[in-house]
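Reader: I would like a close look at one helix in this model, and at what surrounds it. Please go through it step by step and then place it in the rest of the fold.

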Amino acid sequence: MPLAALARKCAQLPQSAPIGAKSAYQPGWMSSPGDTEDVPRRRLTVIGGSGGAARRERATPVQGAGEPVVRARLAALTDRCWQCRTKVRGVVGVLIDPARTPDGSGFLAFDDVAEMLAERVDSRALARRGIGALRHRDSPGVAGGYLANGCIECDALIGRFQLEDLLHEHLQSGGTYAQLDIGVPVDLPAVALARRITAHG
């Protein structure tokens with residue numbers, strides 16, 4: 001059938017409105033405040049997010065819908081900024097399923113996952129917990145600088161050596177990795193994470 005004839009035939013077909021709609025221009029899942037009919041509504045599912053939703057574990061993508069991920073939670077310690085003396089927190093690593101780590105602790109140090117965290121962690125979630133941006137910073141002690149924590153107030157570098165010392169002191173005094181969990185979930189790419197763990201295992 002010629003294209004023009006097919007177009008004319010389609011134009012003659014009756015236009016049907018969605019179920020529950022009053023016209024073809026009012027979707028069936030919408031209703032005005034005065035409507036009393038039971039109209040089916042579409043539901044939205046939010047994965048991740050911020051605020052109260054951020055306290056819950058984010059869902060792993062459905063098989064085939066994206067790359068596989070490993071659920072992790074940020075681990076941080078409290079310190080004072082060397083420059084402005086503001087009380088700040090610094091991310092020292094992440095907590096994952098202990099079975100995934102070589103030593104069974106479930107802890108991965110910041111250096112092992114810094115690039116992934118910088119790409120995937122919501123800076124607003126960090127700020128609500130007194131943590132500055134995770135980004136590349138210059139350091140007088142490391143040529144070329146590195147990905148690091150920053151002060152929430154003045155953005156000064158919070159050095160990794162200082163945070164490593166604080167972590168060592170915490171563990172030496174009987175503290176645990178679980179006590180460092182600040183309730184911020186993050187989904188890390190499983191393949192890249194496995195490579196990092198193998199390289200540093």
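Author: The model is a predicted one, and the helix to look at is α5. On one side of α5, R195, T198 and A199 are exposed. The residues of this helix run from 190 to 200, and among them A190, L193 and I197 are buried. Seen down the axis of α5, these buried residues fall within an arc of 65 degrees, so they line one face of the helix. The background is simple: an α-helix has 3.6 residues a turn, so residues three or four places apart point the same way.

Next comes what the buried face meets. The buried residues of α5 pack against two strands given here with their ranges, β3 (107-109) and β7 (181-189), as well as against β1 and helix α2 (110-120).

These contacts can be set beside the nonpolar cores. The largest nonpolar core has 25 residues, and L193 of the helix is listed with L74, V94, I96, L117 and L188 as having the most contacts inside it. Helix α5 is one of the elements that give two or more residues to this core; the others are β1, β2 (87-95), α2, α3 (123-127) and β7. The largest share, five residues, comes from α2.

L74 serves as an example of the packing in this core. Leaving aside residues up to four places away in sequence, L74 touches V91, G93, V94, L117, V121, L126, L180, D181, I182, V184 and V186. A second, separate core has 14 residues, including C81, V92, L163 and L167.

The largest pocket is a further feature to place. About 160 Å³ of space lies in it. Its lining consists of D79, R80, C81, W82, S139, Y146, L157, I158, G159, F161 and Q162. The elements that give two or more residues to this lining are β1 (69-80), β6 (157-158) and α4 (160-172). By type, the lining residues divide into six nonpolar, three polar and two charged. C81 thus appears both in the pocket lining and in the second core.

Finally, the chain as a whole. The protein chain has five helices and seven strands, and from the N terminus on its elements run α-β-β-β-α-α-β-β-β-α-β-α. Buried residues make up 35% of the 201 residues. Of the contacts with a separation of 6 or more, 48% are between residues 24 or more positions apart.

Conventions. Residues numbered from 1 in each chain as written. Predicted model: local features only at pLDDT ≥ 70, side-chain atom pairs only at ≥ 80, totals over all residues. Heavy atoms only, no water. 1 Å grid on protein atoms, 1.4 Å probe; cavity = no way out; pocket = protein on both sides within 12 Å on 5 of 7 lines; lining within 4 Å. Points joined across faces, edges and corners; volume = space filled by probe spheres on them. Helix = DSSP H or I, 4+ residues; strand = E, 2+ residues; numbered from the N terminus. Nonpolar A, V, L, I, M, F, W, Y, C, P; charged D, E, K, R; others polar. Buried < 20%, exposed > 50% of the residue type's maximum accessible area, 1.4 Å probe, protein only. Arc of directions from axis to C-beta. Contact = heavy atoms within 4.5 Å. Core = buried A, V, L, I, M, F, W, Y, C linked by side-chain atoms within 4.5 Å.
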